[in-house]
Amino acid sequence: MGYLKTKFKRLLEKIEDRIEGEKEPETNDDRKVFAHYMVGLTCHQTVEQWVHDIKTAKEAGIDGFALNIGPSDPWTETQLAHAYHEAEELGDFVMFISFDMACGEWSVEQVVDLINRFKDSSAQFIVDGRPLVSTFEGPGWAENWTSVREQTGDIFLVPDWSSLGPYGISEKLDAIDGAFSWDAWPKAGQNQMNINEDLLYCDNLKGKKYMMGVSPYFYTNLPQWNKNWYCSSESLWHDRWQQVLDVLPDFVQIITWNDFGESSYICDTVPAQVVEGAEEYVNGYSHSAFRAVLPYFIAAFKSGSRLVDFPEDAVIAWYRTTPASVGEGCGTTWGQGGEIPASQGARDVVSVMALVKVPTNVTVAIGSRWKSVGTRIDSPLSYFEIPFDGSATGPVTIAMNGKTVEGPPITNECHDGKMHFNSVVIRL
């Protein structure tokens, strides 16, 4: 235990030294940011939708999509072809396949065929001359990757085997070229994340590539899949990106682009992709504004410095539209595997991120109640929270430098008396 404490102390000291001695940015083109795209939701999806998604992702500074696919969806190959083709046509955007090993059985032949079909695309993400391939789970499939390498001319394998954890990954280093951690949300009963797990991955990978998971939010209530929990997300989008800038991993993967059922989406809402039951907490709850601060965070990540330029000032806010104590809790727990009701863990706040070139004041109003907060003078990025309760109701309004935006109201009434824990996100 003393050995681990010493290693952690040294890693943290390196991070602190880098922050204190922040230098002018020097872009590292090897660092990339991807978004996790659920291809399983794209039945009958049009080419135009792929074009829209790629364009909006590029505008946010995202480098490419990690294309999550299952083994049995009949539309997979068609939609992969659309995705790769449109990325080729639009240019400066890459793809790689993420084989979902948790939703069915894959044969080696299936995996080999899909890799071989798309590996030579100009849109395929390449590392060290090899196509990057990832997974969602599947450590039990590990022994098959040798055969896959032989039949594809080799790959650059960066799986998500988070069920093994960083210590388990250290025992699989001969089979992989890096690892992706799905650990992107506070655990049950916790309000915030820390970087302990990320540092352990970096240490146990022994110089192999680390892909760090980042997510804006998590809430799901889908009885058909026995899922019903909320992970604390009040400050998550802010906190996790600060942690990325502390750790500076090789790659970042945003979880997710379009998983509406788990409320982790940052794309524009696509009704056809919303699974049955999730429309109750997705419709009217746009997350598009989460993307407004991405150009800054991604530029900072690639430069290794928070002292980077960004296109324009932006303020975003996210909030639930009812206090956590209103309505029935619907059995939602606080975190995956948790036992405490989510209503006891969720904090009733309007979360605000302000990205400004010159310090200024941001005013946030809930109905007729308002508060003005000054942004930081030592950083372009400020984060603060405005609490609300049953007595603070009405539209949420943000004002700064003569501009105003109004979001949906906070009320004391739930739809059909049932509480959900998704947030709406607005942008000034």
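Biologist: Asp 177 and Arg 149 caught my eye, so are they buried or exposed?
Modeller: Both Asp 177 and Arg 149 are buried, where buried stands for a relative accessible area under 20%, exposed for over 50% and partly exposed for anything in between, with a 1.4 Å probe and protein chains only. This is a predicted model, in which local features need pLDDT of at least 70 and side-chain atom pairs pLDDT 80 or more, while totals for chains, interfaces and linings use all residues. Residues are numbered from 1 along each chain as its sequence is written, and side-chain values use heavy atoms, without hydrogens or water.

Biologist: And what do the side chains of Asp 177 and Arg 149 meet in?
Modeller: They meet in a salt bridge with 3.0 Å from N to O, the term being used for a side-chain nitrogen of Lys or Arg within 4 Å of a carboxyl oxygen of Asp or Glu. Asp 177 sits in the loop between helix 6 and strand 7 and Arg 149 in helix 5 (residues 145-152), so the pair ties together parts that are 28 residues apart in sequence. Helices here are DSSP runs of H or I with at least four residues, strands are runs of E with at least two, and both are numbered from the N terminus.

Biologist: Which residues are linked with them in a network?
Modeller: The network of salt bridges links Arg 130, Arg 149, Asp 154 and Asp 177.

Biologist: How many salt bridges does the structure hold?
Modeller: It holds 18 salt bridges, and one of the others can be followed by eye between Arg 291 and Asp 268, whose closest N and O atoms are 3.2 Å apart. Arg 291 belongs to the loop between helix 9 and helix 10 (294-303) and Asp 268 to the loop between strand 11 and helix 9, so this pair ties together parts 23 residues apart in sequence. Arg 291 is buried because its relative accessible area is 14%, whereas Asp 268, at 23% relative accessibility, counts as partly exposed.

Biologist: What about Arg 347, which residue does it form a salt bridge with?
Modeller: Arg 347 pairs with Glu 385, and the closest N and O atoms are 2.6 Å apart. This pair links distant parts of the chain, with Arg 347 in the loop between helix 11 (342-345) and strand 14, and Glu 385 in strand 17 (residues 381-387), 38 residues away. Arg 347 counts as partly exposed because its relative accessibility is 27%, and Glu 385 is partly exposed too, with a relative accessible area of 24%.

Biologist: Changing topic, how many cavities of 30 Å³ or more are there?
Modeller: There are 2 such cavities. On a 1 Å grid over the protein atoms alone, a cavity is a set of points where a 1.4 Å probe fits but cannot get out, a pocket is an open set with protein on both sides within 12 Å along at least five of seven lines, and lining residues have an atom within 4 Å of a point.

Biologist: What lines the largest cavity?
Modeller: Its lining includes Tyr 217, Tyr 230, Trp 318 and Arg 347, and strand 12 (314-319) and strand 14 (349-355) each supply at least two of the lining residues. About 50 Å³ of space lies in this cavity, a volume being the space filled by probe spheres set on the points, which are joined across faces, edges and corners.

Biologist: And the second largest cavity, what is it lined by?
Modeller: Among its lining residues are Tyr 84, Ile 97, Leu 114, Phe 118 and Val 133. Helix 4 (108-118) and strand 5 (130-136) are the elements that give two or more residues to that lining, and the volume is about 40 Å³.

Biologist: How many residues line the largest pocket, and which lie nearest its centre?
Modeller: The lining has 43 residues, and nearest the centre lie Asp 100, Phe 136, Lys 227, Asp 259 and Glu 262. Strand 1 (32-38), strand 2 (64-69), helix 7 (196-204) and strand 10 (227-230) are the elements giving two or more residues to it, and the pocket contains about 1200 Å³ of space.

Biologist: Which residues in helix 7 are buried?
Modeller: In helix 7 the buried residues are Asp 198, Leu 199, Leu 200, Tyr 201 and Asn 204, and after the helix comes Lys 206, with a positive phi near 55°.

Biologist: Last one, is Glu 276 buried or exposed?
Modeller: Glu 276 is exposed because its relative accessible area is 66%, and its place is in the loop between strand 11 (251-254) and helix 9 (279-282). Thr 256 lies in that loop as well, between strand 11 and helix 9, but Thr 256 is buried, at 1% relative accessible area.
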